[in-house]
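User: I am new to this structure and would like a close look at a single part of it, followed by an account of how the rest of the chain is put together. Please take your time and connect the pieces as you go.

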Amino acid sequence: MADSFLKKMEKLEAAEDFFKLLEIAYDIKVLRVYRLHILQRFHDYISAGSRDMGTQTEEQLKQYYGSLLEKAYQDFVHSTAQEEKVFKVFKEQQPASPRTEVRFVSLDSLIGGSKLKRKTL
């Protein structure tokens with residue numbers, strides 16, 4: 001029985017399909033913006049879990065996966081992709097450094113003023 005539920009999960013492709021199967025309410029606006037982030041976080045939560053799926057009933061699996069998907073979804077309801085750092089590009093991003101003072105450097109000071117004088121005809 002649990003095997004059939006897991007096979008259903010394996011065949012799902014769209015984020016909306018996961019939410020429908022697991023009966024999780026969602027705001028389409030949030031899902032449109034963060035669908036890949038939510039699914040990746042959902043995958044991360046599944047990978048971090050150490051649950052024996054073979055002994056679970058279909059209803060228990062549905063509740064377990066539903067709670068993980070809900071948790072992943074809520075991460076992005078109350079935060080942003082940059083803050084959550086799901087993908088490598090955000091993980092490697094360094095925090096912005098404080099602005100330093102910009103100083104004006106004249107061309108004369110770089111190459112010497114005598115070289116810039118024009119010859120008059």
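Where is valine 105 found, and which residues make a nonpolar surface patch with Val105?

Analyst: Valine 105 lies in the loop between helix H6 (88-91) and helix H7 (107-111), in what is a predicted model. Together with Leu107, Leu110 and Ile111, Val105 makes a nonpolar surface patch of about 380 Å². For the chain as a whole, the accessible surface comes to about 9400 Å², and 53% of that surface belongs to carbon and sulfur atoms.

To place this loop in its setting, the secondary structure of the chain comes to seven helices and zero strands, so that, read from the N terminus on, the elements run α-α-α-α-α-α-α. Of the 121 residues of the chain, 29% count as buried, and among contacts between residues at least 6 apart in sequence, 62% join residues at least 24 apart.

From the surface one can turn to the interior, where the largest nonpolar core has 24 residues, and those with the most contacts inside this core are Met9, Phe19, Leu22, Ile38, Phe42, Tyr65 and Leu69. The elements that give two or more residues to this core are helix H1 (2-11), helix H2 (15-21), helix H3 (28-48) and helix H4 (58-77), with the largest share, eight residues, coming from H4. Phenylalanine 42 shows how such contacts reach across the sequence: leaving aside residues up to four places away, Phe42 touches Met9, Phe18, Leu22, Tyr65, Leu68, Leu69 and Ala72.

Met9 leads back to H1, whose buried residues are Ala2, Phe5 and Met9. These three cover an arc of only 65° around the axis, and therefore they sit on the same side of H1. In general, an α-helix has 3.6 residues a turn, so residues three or four places apart point the same way. What covers the buried residues of H1 includes H2, H3 and H4, whereas the face turned away from the buried side carries the exposed residues Asp3, Lys7, Glu10 and Lys11.

One last residue deserves a look, glutamate 23, which has its place in the loop between H2 and H3. Phi of glutamate 23 is near 55°, a positive value in a residue other than glycine. Most residues other than glycine have a negative phi. Glutamate 23 is also exposed, with a relative accessible area of 60%.

Terms used. Residues are numbered from 1 along each chain as its sequence is written. This is a predicted model: local features need pLDDT of at least 70, side-chain atom pairs count only at pLDDT 80 or more; totals for chains, interfaces and linings use all residues. Side-chain values use heavy atoms; hydrogens and water are left out. Patches are made of residues with over 30% relative accessible area and no salt bridge: like charges are joined within 9 Å, nonpolar side chains (Val, Leu, Ile, Met, Phe, Trp, Tyr) within 5 Å. Accessible areas come from the Shrake-Rupley method with a 1.4 Å probe; for residues, only the protein chains shown count as cover. A salt bridge is a side-chain nitrogen of Lys or Arg within 4 Å of a carboxyl oxygen of Asp or Glu. Helices (H or I, at least four residues) and strands (E, at least two) are DSSP runs, numbered from the N terminus. A nonpolar core is a set of buried Ala, Val, Leu, Ile, Met, Phe, Trp, Tyr and Cys residues joined through side-chain atoms within 4.5 Å. Buried means under 20% relative accessible area, exposed over 50%, partly exposed in between (1.4 Å probe, protein chains only). Contact means heavy atoms within 4.5 Å. The arc is that of the directions from the helix axis to the C-beta atoms.
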